[in-house]
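This report looks at how parts of a protein model pack together, and at a few single residues in its loops. Please keep the sequence and the structure in view while reading.

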Amino acid sequence: MVKVIYSVNFLTGKLITFAHMYNDPVQEIKSYLKHNDYSLAVRRTLDISLDSGDNNLIKKAIDWSREFRVIESVTPTMVPAAFISKGEALLAEASVINAGTPVNTRLVTADKISQKYSKGNFSLKPISLSLQTGEVLGVVGENGNGKTTLLRCLAGQLELDEGSIHYHLLSTPDHYTVKNHIAFIPQRIPKWYGMLKDNLHFSASLAGVYAKENDLMVAFMLERLNLTQYANLTWDQISSGYRTRFEIARILLQKPRLLILDEPLANLDINAQQTILTDLIYMAKGSHNPMGILLSSQQLHEVEKVADTVIFIKQGNCLYSSNDKEVAKSSAVEFETPEERQTILDLFEVGEVEIQYNGGFYTIISFQLTAQEVIEKIITSGLQVSYFRDITNSTKRFF
Amino acid sequence: MKSYRPLVPGFIQKLDEKLLRNKPVTWSARTHLVIYFASIFIFLLALLCFFSFTEAKSFSNIETWAGFTALISFIGFIIWLIFLLRFNVFKRFGRWFEWDGLKTFGLYFINISLMVGATFVPAAIESFNANKQFSNEEIVKDINELNVNAVKLEYNQLPLEWKADTFLLRDKMPSYEVPVDNPESVTIARSGNSRYYYMDTVIMRDKLAGADSVIRLSDSLYVFYKCPEYTFTTSYNADAYTPLKQLTSKDIYYREIRNFKPVDRQPLIDRMNQLKEKYAVKRYYESESYTDMQDKTYDFKIRSKYSLISINNGIENIVRKKYRWKESTGWQFRFFFYTTLFFTLLVFIFRHTTARTFFLSLLSVVILMILTALFGVIFNYRETGLFSLMLFYYIVLAIITLTIKWAKKRNVIQGIALNIVLFFTPFLPLFLTAMYFEFRRVNSYADPDYSTYQDTYPWYLGAEIGGFILFLILLQPVFRRLYRKWYALPED
């Protein structure tokens, strides 16, 4: 039975738009294969092979992935039947291995943490949050409002003025242990030196992954993030998007329990943003190294799609947290149309809606109609609409 | 998926990959690559020197070679820093490997010692070649032969009369007869028109040791005889490492001159020419004493006739090359050790601190030196005052360093203090020893029995060894822990 479990969706209070997750990942992958989603099928197969802990299965999954890369580069539209049957055989093998269910463990609790820089006027007002393995917490807000400061506080890089942070998996941690336990990827990734592959092997060694396992894990991570062909290059020879991917690969090899990413999507194209985010979520929720993810981004929709909790920060204050479960008092719909404002207003009764225009999108706010009703009226009116989105429960409303 | 590294053979490549995957601390120091490249460099350098230093008698320009090698070693050091020392377990907040601080220091020390050690290769090869070309006995034998042959050939020119001086022994030399700057030079002091020279017991002891013959006329009157000079060729220390000794003028006198018999000259001249071919150098330096011989003494004439000045230069060159390491008082090893230690400490600090703190530490040391000099000038400090001031700096910096244990925030002052304390700890016992003896020397002015020339060498040697051991003992449990704590502390 294919049971579709939609991931957490705090946006609408309903179900998700994020990738469908199945109770049985083997069935999930089979459905991808069936619908020609080969790239996703290969990536998810790599995930379940890793979760299985069976090195032979991991090797086979890596080989299958490499085969896919070759097919993709030569005949992207023609996938041979042998490739699919090989994948099915792999899935059959994976289905008999019990990967185990990851147990969610509380990772970090921040209690009313605040920070003020010794130079400058900016200060982060008290914020509380908590995160457990498998969870994603998104931090959104405009530039210069404290997202990075919050992340750096949680990563142990900035001293707290008030409040406390408790890392639940560390009994009496010193700062070095905390930094070993947490992986922080800054927006501007520090330059790597030497071959990229060496850096990955080195990171795996640092995490206590030695010898053949080291080779296997590096090969796995290169395949999982589609980096194999760049492995022997240097930092200067790859684009900024691939630098982000390599940094993620390096960090994941160090098996952190808490992954903090500051604007990880900034250097990625729209497809890569989606891929990286879903890949991270899959890996965080896997049983190999379940971890919590804390990320900041300007890409509201992408973050809101994957995050279990979103907090919105403005001028150092936490204005909104999806954990608060507050129901929005008005509905809000964002849409794009070449029509005039008056034409749109004419669709509604007087006082029924309020329309805002930011030069690109119209935002309709209504205390009387639901978002669904607003959208229905716009669509049925015959207006030329090129884009619309229900932002009733989105942090987009705060911008 | 193998990576390609230029100029690295397969076995090093395999070792590199194995270390990368199993021993990150060892791999990140790149000692295996440094050993490999240094070995190739040293081998090629040795080969080049071996075929360049073919003539042991020629003038040694080893300083130029050493300078050239040092330059290449320094380039190697920079390459190691920039291209190989890129991976840092400590700054990646890697796992806490057992004894990794000590291990890292040891590996850096090995790497740098190879680079510093390379500068000694030309000198070592030069000595090797000189020892291979000339045995210890051979040189002494040839020196003696040169002198004996010269005496036999030039017997008619030689002075035969021994110089005699009569000395009167006195309890004490008048102070005005003893130049203050060099009391030992006063072996002869004659006042007015006296027929005697005066000497005290100290001078007498020296004269007895150096005299060729002595006649005791009375308890206080002695005649010292000096044999004329028959050693036209001589080399200091040439016979220090062989049972065969250089003949003195007196030896030559008794062996060849006292009962001189005419000789067949031609074989001797041929032999002198052979020895000239063997030892004479084209480029030589005349010593001042020879150029000053305006009156063309027998000595100068004989030396000139048989090219003995040039031969002497050649022999000196050979002897210097042969016994370079034996005559050493340990300075070569100290130069090697302290240069290695100096650079190792700098690299170790650089790898455990931030770039900003590292350079600020260097600046701080310079400022402290300027301050010390200013204090010295303004308050007219002597050595003891400067030593005390420097000890005060160390104690203050050590206290600041220890406060890292309780720090909540990474502070650049604490980082600088830690860097400076770590750097100077190996030298602390040496410094304290010097300070102790300086205070003893100053305080001994009131005590005429205290000798400032007592043998302090074992104390200094102990302090040198002890300082390094103390540093190694403190490195892991103290310095490494403090660096770990300081570097991981939050900023701002």
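In this predicted model, helix α2(A) passes helix α3(A) in a left-handed crossing, a term used when the near helix is turned anticlockwise from the far one by less than a right angle, whereas clockwise would make the crossing right-handed. Helices here are DSSP runs of H or I with at least four residues, strands are runs of E with at least two, and both are numbered from the N terminus. Two packed helices are described by the angle between their axes and the distance between the axes. For α2 (residues 38-52) and α3 (residues 55-74) of chain A, the axes come within 8 Å and cross at roughly 165 degrees, where axes are lines fitted to C-alpha atoms over the stretch in contact and angles run from 0 to 180 degrees between N-to-C directions. The two helices α2(A) and α3(A) are therefore roughly antiparallel to each other, since angles over 145 degrees count as roughly antiparallel, those under 35 as roughly parallel, 65 to 115 as roughly perpendicular and the rest as oblique.

Which residues of α2(A) and α3(A) meet? Among them are A:Y38, A:V42 and A:L46 in α2(A), and A:L57, A:W64 and A:F68 in α3(A); two residues are in contact if their C-beta atoms, placed from the backbone, lie within 7 Å. The residues of this contact divide into 9 nonpolar, 4 polar and no charged, with Ala, Val, Leu, Ile, Met, Phe, Trp, Tyr, Cys and Pro counted as nonpolar, Asp, Glu, Lys and Arg as charged, and the others, Gly among them, as polar.

Residues are numbered from 1 along each chain as its sequence is written, while chains are lettered from A and ligands numbered from 1 in the order in which they are written. Because this is a predicted model, local features need pLDDT of at least 70 and side-chain atom pairs count only at pLDDT 80 or more, but totals for chains, interfaces and linings use all residues.

Chain B holds 19 helices and 4 strands, and buried residues make up 30% of its 492 residues. A residue is buried if 20 or more other C-beta atoms lie within 10 Å of its own, exposed if 12 or fewer, and partly exposed in between. In helix α1(B), the buried residues are B:L19, B:L20 and B:R21, and these pack against α7 (196-206) and α8 (211-224) of chain A together with α2 (24-29) and α3 (31-52) of chain B.

The contact between the chains takes 22 residues from chain B and 27 residues from chain A. On the side of chain B that touches chain A, α1 and α19 (457-488) each supply at least two residues, and the residues of this side divide into 9 nonpolar, 3 polar and 10 charged.

Three loop residues complete the report.

| Residue | Loop | C-beta neighbours within 10 Å |
|---|---|---|
| A:P256 | between α9 (240-253) and β8 (258-262) of chain A | 20, buried |
| A:Q315 | between β10 (309-314) and β11 (317-321) of chain A | 14, partly exposed |
| B:R30 | between α2 and α3 of chain B | 22, buried |

Most residues other than glycine have a negative phi. A:Q315, although not a glycine, has a positive phi of about 50 degrees, and B:R30, also not a glycine, has a positive phi of about 60 degrees. A:P256 and A:F184 are 72 residues apart in sequence and 9.4 Å apart in space, C-alpha to C-alpha.
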